[in-house]
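This report goes through one structure, chain by chain and contact by contact. Look at the sequence and the model first, then read on.

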Protein chains: 4
Amino acid sequence: MSQKAQKKPELPPTQAIEQDFDLRAKTQNWFEYPIVVHPHHTDYAGVVWHGTYLTWMEAARIEYLRSIGIDYAELVNLGYELPVVELALRYHKPLSLGMEAIVKTMMAEIVGVRIHWDYRIESRDTQELYLSGRVTLVSLDRAAGKIMRQLPPSVKEAMVKISR
Amino acid sequence: MSQKAQKKPELPPTQAIEQDFDLRAKTQNWFEYPIVVHPHHTDYAGVVWHGTYLTWMEAARIEYLRSIGIDYAELVNLGYELPVVELALRYHKPLSLGMEAIVKTMMAEIVGVRIHWDYRIESRDTQELYLSGRVTLVSLDRAAGKIMRQLPPSVKEAMVKISR
Amino acid sequence: MSQKAQKKPELPPTQAIEQDFDLRAKTQNWFEYPIVVHPHHTDYAGVVWHGTYLTWMEAARIEYLRSIGIDYAELVNLGYELPVVELALRYHKPLSLGMEAIVKTMMAEIVGVRIHWDYRIESRDTQELYLSGRVTLVSLDRAAGKIMRQLPPSVKEAMVKISR
Amino acid sequence: MSQKAQKKPELPPTQAIEQDFDLRAKTQNWFEYPIVVHPHHTDYAGVVWHGTYLTWMEAARIEYLRSIGIDYAELVNLGYELPVVELALRYHKPLSLGMEAIVKTMMAEIVGVRIHWDYRIESRDTQELYLSGRVTLVSLDRAAGKIMRQLPPSVKEAMVKISR
């Protein structure tokens, strides 16, 4: 898949963001998470229920984080969380029972406290696009119940690594 | 809640849409669907998992349709469907175990083949906003597997009624 | 519905249980929780997916507890939990999209640390039986991570009330 | 894991079953399906919600069938289904966020029209047992809406193969 087609318009990074993160948090590659449609994913129409996609998108995100050295469960134990604060999805074509597909995700950009992730769910041969969208997270300090202006150190470090 | 604050910028209705639907498909009032947070709605953080909201939003939509005389199961039996094609949500504040809230929805506007529904999930006293968003549906002819340029007659009729 | 048909064979209450609970934890009536089948409850077969019933059974149980003065979220805040440790279900007939039914539940008996709940999911006119089963809970002390030999005082008190 | 511990008491196969199936539908080995606990699997208690296990058990069953040459989606297209009619589970120990485990399943026996599957969910080193249980299916002719006295030919053939 061409990266060009996916590129989001570059937001001019402000001084503030540079100071906060000191990184260009844009991964250059999609992380790929394969899925198969089982009965419990479907609805009466024989296709995947629209909310089911969120379980796969979350799984892809967590496994992507693991692949760059961030264990989400550990992060939670340390007192952090990365809750979803925004969601924008387009359902292009339905997946039906028994079909296989690839959930592609990448951390697209960090704007202030918002961490944007891009998604595409495609057929294995990349010829079919089933879903495209963006999920936005923030870092939360669980004890304080407050959004953090900085990423937790372990996350930041992992991201600095992939951004170089 | 002020209706004004919720009003979406009015799209100029094109001639084509006027001919297709002969209605101003904007309901003036929110349909209210009360919910309570049970254990299966929550995740490890003790709050509602972000995908759970979609089950409540769907329930509110189906019950709203029923309230204006459209039985969704009957519609499906007649060979129609109203699948979700777009989704845009903002999570303002989390709901946690045991909390009660109201899912508010209204059919906001019909633009071409797209039927837009607006949503707000609020506390019963309307003082807290948990989620706001928009869900977009199309009418599908199940046998043909094609998006319909016109709403199914029974749906259209019910909508004409509420729009007067 | 006849209570007779539902009655489980009476276990002879042991001395130990008498001492522990000092109550006959058998409610005489079913608690009724009405449900409607929405799209997200169904699977490719157009009927309710077999796991969906557990969400309704949980909801019925929590609302039953609320009806006898036990707020489950409050119980959790106090450091207790009532996790499911056993499950036995029979699916007699499927519910399909748009159908309404009643989830009936009652606390059937307490045997040692096990709290057994009986379930029936029936049509509103009680002519159709969709599911029957039993769910078994224990009381858990969250901080200690241990099964409690006695129910939390607030739960016990509420149960003593209904058992008289 | 010792097979002995898992062996269910052998029901004497009736003449009818012999004629119907002409096979000893007992696989000798567990099929293993690895899982990881993601946020959407958990509830407020930080552990897997009791209904979530059913999604994994279904996935393991479908993938097991695929491994012996039965494509479940194809079976559905041919007009058959294998709905769950009985369920009996014991929750021994909870799985929590981030944990990995193995869902083990095998077709245990066929008794009349009932196909019994045994399950164990264990840690990767088999030292911890999280869940054990049995799920019972029947073969359904979708068009007729009737339980089939014989398995669909393709399923039967695959099973005869593994039973030798």
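Why does the distance between the end C-alpha atoms of helix α3 (residues 52–67) of chain D agree with its number of residues? The model is predicted, and the check is simple. Helix α3(D) has 16 residues, and at 1.5 Å a residue these should span 22 Å; the end C-alpha atoms are 23 Å apart, so the two values agree.

**Helix α3 of chain D**

Buried residues of α3(D) include D:Thr52, D:Tyr53 and D:Leu54 towards its start. Further along, D:Trp56, D:Met57, D:Glu58, D:Ala60, D:Arg61, D:Ile62 and D:Tyr64 are buried too. An α-helix has 3.6 residues a turn, so residues three or four places apart point the same way. The cover over the buried residues of α3(D) includes one helix, α4 (72–77) of chain D. Strands β1 (31–36), β4 (100–111), β5 (114–122) and β6 (129–137) of chain D are also among what covers them. Just after the helix, D:Gly69 takes a positive phi of about 95°.

**A small sheet in chain D**

In what order do the strands of the open sheet in chain D lie? The order is β2-β7-β8, with 3 strands and antiparallel pairing. Strands β2 (80–81) and β8 (146–147) of chain D are the edges, as each pairs on one side only. Strand β2(D) is joined by 2 bridges to strand β7 (residues 140–141) of chain D, and D:Tyr80 has D:Asp141 as its bridge partner in β7(D).

**Where chain D touches chain C**

The contact takes in 16 residues of chain D and 16 residues of chain C. On the side of chain D, α3 and β3 (84–91) are the elements that give two or more residues. The largest share, 8 residues, comes from β3(D). By class, this side of chain D has 10 nonpolar, 3 polar and 3 charged residues.

Strand β3(D) also pairs with a strand of chain C. Strands of a sheet pair through backbone hydrogen bonds, either parallel or antiparallel. The table sets this pairing beside two others that involve β3 strands.

| Strands | Sense | Bridges | One pair of partners |
|---|---|---|---|
| β3 (84–91) of chain C and β3(D) | antiparallel | 5 bridges | C:Leu87 and D:Leu89 |
| β3 (84–91) of chain A and β3 (84–91) of chain B | antiparallel | 5 bridges | A:Leu87 and B:Leu89 |
| β3(B) and β6 (129–137) of chain B | antiparallel | 7 bridges | B:Leu87 and B:Val135 |

Strand β3(B) thus pairs with β3 of chain A and with β6(B).

**Where chain B touches chain C**

How many residues does each chain give to the contact between chain B and chain C? Chain B gives 13 residues and chain C gives 13 residues. On the side of chain B, two or more residues come from each of α3 (52–67) and α4 (72–77). Helix α3(B) gives the largest share, 4 residues. This side of chain B has 7 nonpolar, 4 polar and 2 charged residues.

**How chains B and C are related**

Two copies of a chain are related by a rotation about an axis and a shift along it. A turn of 180° and a shift of 0.0 Å along the axis lay chain B on chain C with an RMSD of 0.0 Å. The two copies are therefore related as by a two-fold rotation axis. Among the residues of chain B, B:Thr55 comes closest to the rotation axis, with its C-alpha at 6.0 Å. The same surface serves both copies, as 100% of the contact residues of chain B recur in chain C.

Technical notes: Residues are numbered from 1 along each chain as its sequence is written. Chains are lettered from A and ligands numbered from 1 in the order in which they are written. This is a predicted model: local features need pLDDT of at least 70, side-chain atom pairs count only at pLDDT 80 or more; totals for chains, interfaces and linings use all residues. Two residues are in contact if their C-beta atoms, placed from the backbone, lie within 7 Å. Ala, Val, Leu, Ile, Met, Phe, Trp, Tyr, Cys and Pro count as nonpolar, Asp, Glu, Lys and Arg as charged, and the others, Gly among them, as polar. Two strands pair if DSSP finds at least two bridges between them. The expected span of a helix is 1.5 Å times one less than its number of residues. A residue is buried if 20 or more other C-beta atoms lie within 10 Å of its own, exposed if 12 or fewer, and partly exposed in between; C-beta atoms are placed from the backbone. Copies are superposed by least squares on the C-alpha atoms of residues with pLDDT of at least 70 in both.
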